[in-house]
2 protein chains.
Amino acid sequence: MKKIAILGSTGSIGRQTLDVISNYPDLYQVVALSAGENVELLRQQIKRFKPKIVSVKNTVKREELLKNEDLDVEVLTGETGMCLIASLEEVDLVVVSVVGIIGLKPTLAAISSGKTIALANKETLVTAGELVMQTCKQHNVNLLPVDSEHSAIFQCLQGENVSSVSRLILTASGGPFRTAELERLKRVTVKDALRHPNWSMGKKITIDSATMMNKGLEVIEARWLFNIDYEQIEIVVHPQSIIHSMVEFVDGSVKAQLSNPDMRLPIQYALFYPERKYTNYNKIKWGNQMNLSFEPPNFDKFPCLKLAYWAGRAGKTYPTVLNAANEIAVDSFLKNKISFLEIPEIIERVLEKHTPLPAKNFEEIQAADEWARLEANKYISK
Amino acid sequence: MKKIAILGSTGSIGRQTLDVISNYPDLYQVVALSAGENVELLRQQIKRFKPKIVSVKNTVKREELLKNEDLDVEVLTGETGMCLIASLEEVDLVVVSVVGIIGLKPTLAAISSGKTIALANKETLVTAGELVMQTCKQHNVNLLPVDSEHSAIFQCLQGENVSSVSRLILTASGGPFRTAELERLKRVTVKDALRHPNWSMGKKITIDSATMMNKGLEVIEARWLFNIDYEQIEIVVHPQSIIHSMVEFVDGSVKAQLSNPDMRLPIQYALFYPERKYTNYNKIKWGNQMNLSFEPPNFDKFPCLKLAYWAGRAGKTYPTVLNAANEIAVDSFLKNKISFLEIPEIIERVLEKHTPLPAKNFEEIQAADEWARLEANKYISK
């Protein structure tokens, strides 16, 4: 029986992780959960999965959770709570499914405690790729990707020599505005942008998918996760989201991983890696007509892609700044404070203003992150 | 430096194998070649690759080869010659690229001598799958598939546990008559049938592709090569021949292997397995628009598919008979003795008449093969 902690258990990936685990009550025991504000759902999860410890955003949320009910659980709060949960001695595997840079410190804590990590938090590798991978190496820790794209690449690399890889090909659905004219993007509402064609995800990630920043962040993640140059990472738009990504090898052979879109699959792959467990998920029916199409991404219509490659190649704290400015811009768009096309504009301005640090330790990364948030906020009309 | 023998060096796969090897003069030395009737090309190959021993069809061909020229090579003949070449002590790897059941005995000889086998001869596994795989097990021999489909599956299985496989999905181009009406198939000429949309191959295999018997034979090969039930082998028509086959795992994840159609790729993969070597072959350009389509095969229009599954499931010497009757029927079609639609008709009649043997040894297989050829010939109008 493996013991698991889930950071961000009330989010989209966290809920699906618990869904997967509930199918294997003999194989996984939930020891700890952390949530942000959704204490209502956390309370249900506590009753069902009986963790020993949970953590919530702050003491207000702690009181809200405990009020009117006698829960047999220890309740911690904030980043400290998350870090404690991530490094609990009895935990074998930590699922990091919180959204945002808040996932970084707990992830580093989990790695330093030698836990296996199932990583669904993009920001960890985007903002601190070098630091995180070094820490993994130091503590001989397996970092298992949960993102469908990186899981696909990871699956395609099984049994292969990493030195035989010539290119990683990240597929992108293209989001809801793939076929839209540039002109149309000027009038995009929050509702438009939240209408993702293939995946049901959290709001932040859905907007990132509409701007294609999501794919840009994944490029940076892939660079660190698979230790490969940006020149060898390509994006291809594949609207059906059936091929989740591909690896091209030096001989010209390409391996792809396919499935109907269902995040439980990469989650489960990470939980049981290197084993595969039977599922009854909706499998691809080859007896039906099917069409998979591919097209190059439009870097002009989706400047976030350019910005991400640029920041990735520039290195240092530029990716941290890219990510922080994007978080602020997306949040502001979701609050109707800026337009859709202002998202990349604001990120670009913040990147231009940035004086980079080497990004060798948490403090530098945190400093750059905080600077970028303040800077980005300067361009938001209140 | 590895030492290689190629059985069928003047055929399509044999020539391409030499083409691949010529790129790696430091890694492979050609020790022996066998050819059938094309002594002209064999002579050129002898001059270029300097094998110590070759084998040709018979003494007439031997004289033809040696006449007017002083070649520094030992020349053997017939099946005995091929078997000797296949089991030469100094040879490490034997490429079996002859077409037809004539490849079986030399392959068994090579396996019994502990050689690694790169197998491009379908008939070996179709007619004697159980026997061949048992012999491989006995002698701890690696049987590496060269067929693009089986190579694709083999590549997708690297790093995976075979017990996690739920289905093999063999892709088929559908051949030149994929979209043709059944009525049209009545008037198919040899020239029509030899016009394959994606691959340039030998005549026999091209006709097998037009009847889709090719895919039926591959299903039987896959059953033995990967030790999997017929119920778990599916065919999907994929006209672009970019995905060369796929493996579905128990969790619902599918792995596919892709490349532009080029037989040198699976040949090279087998030659250097488990390593991959750089090639400059025409790689897939993801920056272009591309469309991959999939549709179920039409078992009514291509009854050879039904016959192959039927013979495979029936087992014993039925697959041997399927193969032999098909060889006779295709040969007769190529000689304009029978019509295109008579190919499956003749095979079906021969299968119906067959009294199966257990197929546990070479003699039983040979007997069934010979019987089927005689029986098939009864239905050919001279």
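Which residue in β5(B) does B:A5 stand opposite? Let's start with the strands and then turn to a pocket in this predicted model.

## Strand pairing around β1(B)

The residue facing B:A5 is B:V94 in β5(B). These two sit in a parallel pairing: β1(B) and strand β5, residues 93–96 of chain B, are joined over four bridges.

β1, which covers residues 2–7 of chain B, also pairs with strand β2, residues 28–34 of chain B. This pairing is parallel as well and runs over six bridges. Within it, B:K2 has B:Y28 of β2(B) as its bridge partner. To get from β1(B) to β2(B), the chain passes through α1(B), and the resulting β-α-β crossover is right-handed.

## The second largest pocket

Now for some empty space: the second largest pocket holds about 1100 Å³. Its lining counts 48 residues, and those nearest the centre are B:G11, B:S12, B:S97, B:V98 and B:V99.

If you like to sort a lining by chemistry, here is the breakdown for this pocket: 22 residues are polar, 16 are nonpolar and 10 are charged.

## Which elements build the lining

Several helices of chain B each supply at least two lining residues, among them α1 (12–22), α4 (78–86), α7 (148–157) and α11 (213–225). Strands of chain B that do so include β3 (53–56), β8 (165–172) and β10 (243–249).

Which element gives the most to the lining of this pocket? That is α10(B), with four residues; this helix spans 203–211.

Definitions and conventions: Residues numbered from 1 in each chain as written. Chains lettered and ligands numbered in written order. Predicted model: local features only at pLDDT ≥ 70, side-chain atom pairs only at ≥ 80, totals over all residues. Heavy atoms only, no water. 1 Å grid on protein atoms, 1.4 Å probe; cavity = no way out; pocket = protein on both sides within 12 Å on 5 of 7 lines; lining within 4 Å. Points joined across faces, edges and corners; volume = space filled by probe spheres on them. Nonpolar A, V, L, I, M, F, W, Y, C, P; charged D, E, K, R; others polar. Pairing = 2+ DSSP bridges. Right-handed = clockwise from strand over helix to strand, strands pointing away.
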